[in-house]
Amino acid sequence: MKHFKLKTGLAAAFVASTALVGQPASAQDSDTLVIARTLAVNSLDPSRAFCDTCQFYLTAVYETLVTLAPDNQSLVPNLAESWEVNDDFTEFTFKLKDATFADGSPVEASDVAWTFNRLKNVQASPSFLMEGLVSAEAVDAKTIKFTVEAPNSEFLNKVSAPYTGIINAEAAMAAGATDTAEDNAESWFLSNSAGSGPFTLESFSPDAELRLAKNDAYWGEAPGFNEVVVTEIKDAVSQAQALETGQVDIAMQIDPDTANSIRSPEIVTEVIPSYNFTYVGFIPAVDEVLTKEVRQALALAIDYEGMIDFTVGGNGVKQAAPIPNGFPGTADLTPRSQDVEKAKQMLADAGVSDLKMVAGYPNDNAYGVDFNIMMQKVQQDFSNVGVELELKPLTWAVWRDELGSGEWPVTAIYYAPDYYGSGQYVAYFSMIEGYPWAGRAGRDKPELVVNPKEAELYAKALAASGEEADAVYAELGQEMMDDAIIIPLVSPNLVLAYRDDIEGVRYSACCNLPLSEITRK
Amino acid sequence: MLAYILRRLISIPFLLLGVASVSFLLSQMTKGDPLAALVPERMMSNPEIVAAVKAEWGLDQPLPIRYVRYLGNLLQGDMGTSFSTRRPVALDIAERLPATLELVIAAMIIGTFMGLALGLLSARFRGTIVDSVARIFALLGSSLPVFWSGLILLYVLSVQLRIVPGTGRLPPRVQPPPDVTGFYTIDALLAGNFPLFLQVLSHLALPAFVLGWAVTGIITRLVRSSLVEGLSLDYARTARAKGAPERIVLIRHALPNAMIPLLTILGFTFAYLITGAVLTEAIFSWPGIGSYAVRAAASLDYPAIGGVTIVGAVAFLLANLVTDIAYAWANPRIKVH
């Protein structure tokens with residue numbers, strides 16, 4: 001019988017090792033908020049960061065002059081108590097509140113000027129927000145005036161983007177930061193923070209954990225938690241498991257299918273519309289057969305309702321133009337519907353038959369949409385009108401390389417807003433000469449895609465505000481639909497999943513998840 | 001023996017230089033845009049930003065200059081700065097390697113003990129139900145994909161039965177022990193924090209078991225076949241003829257001979273798992289070197305790719321050296337020169 005002792009011992013050892021655990025630590029009564037997500041942080045430097053995690057980190061640690069209200073449309077004061085705009089939207093003057101940074105020093109106009117100059121001059125990812133900024137000038141300690149080179153009614157919206165969070169200039173400069181292109185303080189921001197927000201950076205371990213500590217010297221209302229831990233859990237199923245066991249309080253990347261599989265009554269799941277969308281993009285410069293008529297025909301070949309069922313199990317909505325539903329100018333736009341017969345007729349009228357194309361796209365899953373599944377649906381829909389689409393899923397790095405070299409005429413990708421405002425979409429997706437997608441689609445033959453009317457309309461929109469601007473953005477949206485370069489496929493719903501003792505969880509178009517509003521019941 | 005070890009150790013830096021050169025040149029030749037990790041898609045059409053980033057990271061320089069700079073920095077112990085994490089690669093590796101080593105060592109201990117025990121049982125009770133059960137367990141370990149067994153065990157033991165904790169090295173609400181070695185088990189003990197040590201062990205148990213199970217499969221089959229062969233040889237027959245019980249024949253005579261091929265497998269498996277435990281790391285949110293390697297490769301993060309390659313090469317070179325030394329120790333007939 002002795003030989004059985006070893007086996008028994010091994011079994012006992014495993015049971016003992018697991019029994020050491022007991023029940024996992026309960027989330028109840030903890031003053032630490034734990035959030036599960038894929039971190040994918042590119043930087044924690046406000047002037048260089050550009051990612052979904054960055055959005056809510058910067059919002060919690062740095063504060064912007066204005067921010068977006070919970071209605072996701074109105075701008076409300078943040079560090080600025082009031083602001084004035086001149087008649088032609090070229091000068092913006094903000095009066096600052098009596099706020100302080102985490103080290104107790106006051107937030108002054110010189111900090112704001114330094115922050116905006118740095119954002120513009122370091123030429124990093126979010127620097128595009130400052131395109132057209134002529135000067136940021138401290139009028140006095142509490143007054144800051146911005147001048148832009150051309151009318152820009154969306155400037156106010158831009159300064160609600162978390163990347164414009166105000167940095168404590170003195171603290172940052174002491175660490176070697178500058179507001180010029182020579183700045184190399186990015187590494188300092190990975191382990192330190194210099195903001196005025198309700199939290200400070202406690203520690204950061206890439207791909208593992210981001211810890212925030214309550215800013216004890218916060219000038220505003222104290223946040224609901226002493227500590228926030230964002231822990232890296234990659235896939236939706238694992239995030240749901242961690243939520244059910246109480247290991248985490250909020251799971252940020254649960255897709256609707258996974259949400260449906262959650263059985264615990266202690267978990268709240270809300271499915272809400274998002275401002276994210278996936279799209280197909282045509283590149284006529286690679287294959288000139290893709291004329292406007294052909295692109296419009298192909299857009300009509302797509303079964304949009306089926307696409308939503310196929311990719312996100314019905315948890316999404318159609319989107320008309322490459323501007324998210326709910327953004328200025330989208331209210332009266334009508335999303336496309338499939339019309340196979342019309343598409344066939346248009347292709348025949350254009351003299352196109354036996355069309356074969358290649359679609360290169362990232363082999364990715366964004367906002368719950370698997371790009372392979374999405375493109376298989378596009379392939380199937382195109383085949384219904386006699387167009388053969390060869391699919392070429394690529395790693396992100398290879399897709400980027402091939403996109404630049406123009407190896408295929410069809411691609412697919414996704415987009416999420418940086419702030420509330422339709423101008424950012426026009427500045428990216430419109431067929432205005434020199435703009436990103438016009439350059440990508442037209443390459444060295446801009447005449448294939450450029451739409452001069454859009455440049456006029458965009459200038460008009462930036463010189464207007466309110467309903468007048470909305471009307472111009474609606475026209476722009478229709479023009480961009482008619483261009484048929486960018487074909488939005490699905491705007492997937494977002495799942496807010498959290499334990500039932502947590503409240504104040506909401507989705508913000510600028511800031512993703514405002515941490516300071518979250519409390520435990 | 002000492003001279004042999006010294007010779008092998010001295011050769012390692014030269015081999016690493018070769019590995020680093022090949023790794024650098026291959027990654028540079030790989031198709032893909034290295035700016036993918038540095039410039040978001042939104043900004044890639046902005047020539048000013050692209051030029052500024054290229055200049056900042058030295059990607060605007062010709063390949064020979066970059067190569068010479070890379071080797072020069074490497075000789076000074078500088079592996080460069082990761083495109084993805086924006087931190088020194090050496091720091092990234094120093095943070096992640098202990099996590100992987102802790103996991104792999106635990107998995108190797110579990111896998112080796114279970115493999116040896118099952119191999120012994122299987123050989124001793126060859127053809128019986130014990131043999132069948134042990135072989136099926138071993139077969140499952142080596143054939144079930146880790147991503148499947150890991151997820152299922154995590155779901156059953158953590159979500160349903162709540163007898164093991166969730167993913168990660170520690171619960172997110174718990175602060176890690178003060179960093180001395182990077183091994184949470186050791187650091188918790190050094191800090192005199194026994195409850196924390198138990199928490200670390202509890203988090204380590206399941207991923208180490210899942211990874212160790214795969215190792216168990218290999219070892220069980222190897223030990224069983226070596227023992228079965230050994231038990232039919234002359235020395236085993238002689239021992240039996242002298243009246244030694246079967247248990248003694250198995251453990252004192254057959255097992256030592258079975259250890260020699262086992263050492264090779266153990267050394268190779270250990271080195272492989274240093275960078276090959278990526279699926280276990282992904283499922284258990286284990287911040288190790290494997291997941292770092294995958295991200296580096298996917299985003300063409302040249303400095304990180306170079307760093308991980310060097311770590312992998314060091315692991316294999318040292319594992320080979322230790323295996324050779326262990327060979328000589330286990331079998332006096334083998335001499336090292």
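This section describes the domains, the chain contact, the core and selected residues of a predicted model.

Chain A is assigned two domains. Domain 1 of chain A covers 32-252 + 496-520, and domain 2 covers 277-492. Their centres, taken over C-alpha atoms, are separated by 31 Å. Contact between them involves 16 residues of domain 1 of chain A and 12 residues of domain 2 of chain A. On the domain 1 side, six of the contacting residues are nonpolar, six are polar and four are charged.

Chain B is also assigned a domain 1, residues 2-75, and a domain 2, residues 90-330. Here the centres lie 32 Å apart, again over C-alpha atoms. Domain 1 of chain B puts 16 residues into the contact, and domain 2 of chain B puts in 13 residues. The domain 1 side in chain B has 10 nonpolar residues, five polar and one charged.

The two chains touch each other. Chain A contributes 55 residues to this contact, and chain B contributes 55 residues. On the chain A side, two or more residues come from each of α1 (3-19), β1 (32-37), α6 (186-189), β10 (227-232), α7 (236-245), α13 and α15 (436-442). Of these, α1(A) gives the most, with eight residues. The chain A side consists of 26 nonpolar, 20 polar and nine charged residues.

Trp396(A) belongs to helix α13 of chain A, which spans residues 396-405. Beyond four places in sequence, Trp396(A) touches residues of both chains: Pro362(A) and Asp364(A), and across the chain contact Ala36(B), Ala298(B) and Ser299(B). Its C-alpha is 7.2 Å from that of Asn363(A), although 33 residues separate the two in sequence. Trp396(A) counts as partly exposed because 18 other C-beta atoms lie within 10 Å, and a buried residue needs 20 or more.

Tyr62(A) falls on the other side of that cut-off. With 25 other C-beta atoms within 10 Å, Tyr62(A) is buried. This tyrosine sits in a loop of chain A, between α2 (52-61) and β2 (66-68). Outside its neighbours within four places in sequence, Tyr62(A) contacts Pro46(A), Gly165(A), Ile166(A), Ile167(A), Gly195(A) and Gly197(A). Tyr62(A) and Pro162(A) are 100 residues apart in sequence, yet their C-alpha atoms are 7.7 Å apart.

The largest nonpolar core contains 248 residues. Residues with the most contacts inside this core come from both chains: Ile35(A), Val228(A) and Ala251(A), together with Leu103(B), Ala107(B), Ala208(B) and Leu211(B). Helix α8 of chain B (residues 194-231) supplies the largest share of the core, 18 residues. In chain A, Val228(A) touches Ile35(A). Val228(A) also touches Leu33(A), Phe199(A), Leu212(A) and Leu515(A), leaving out residues up to four places away in sequence.

Helix α4 of chain B runs over residues 89-124 and has 36 residues. From first C-alpha to last, α4(B) reaches 50 Å, close to the 52 Å expected at 1.5 Å a residue. α4(B) is bent by about 30° at Arg96(B). A proline, Pro98(B), follows within four residues of that bend. Burial is extensive along α4(B): 28 of its 36 residues are buried, so the helix is largely enclosed by the rest of the structure.

How values were computed
Residues are numbered from 1 along each chain as its sequence is written. Chains are lettered from A and ligands numbered from 1 in the order in which they are written. This is a predicted model: local features need pLDDT of at least 70, side-chain atom pairs count only at pLDDT 80 or more; totals for chains, interfaces and linings use all residues. A residue is buried if 20 or more other C-beta atoms lie within 10 Å of its own, exposed if 12 or fewer, and partly exposed in between; C-beta atoms are placed from the backbone. Two residues are in contact if their C-beta atoms, placed from the backbone, lie within 7 Å. A nonpolar core is a set of buried Ala, Val, Leu, Ile, Met, Phe, Trp, Tyr and Cys residues joined through C-beta atoms within 7 Å. Ala, Val, Leu, Ile, Met, Phe, Trp, Tyr, Cys and Pro count as nonpolar, Asp, Glu, Lys and Arg as charged, and the others, Gly among them, as polar. Domain bounds come from an automatic or database domain assignment. The expected span of a helix is 1.5 Å times one less than its number of residues. The bend at a residue is the angle between axes fitted to the seven residues ending there and the seven starting there.
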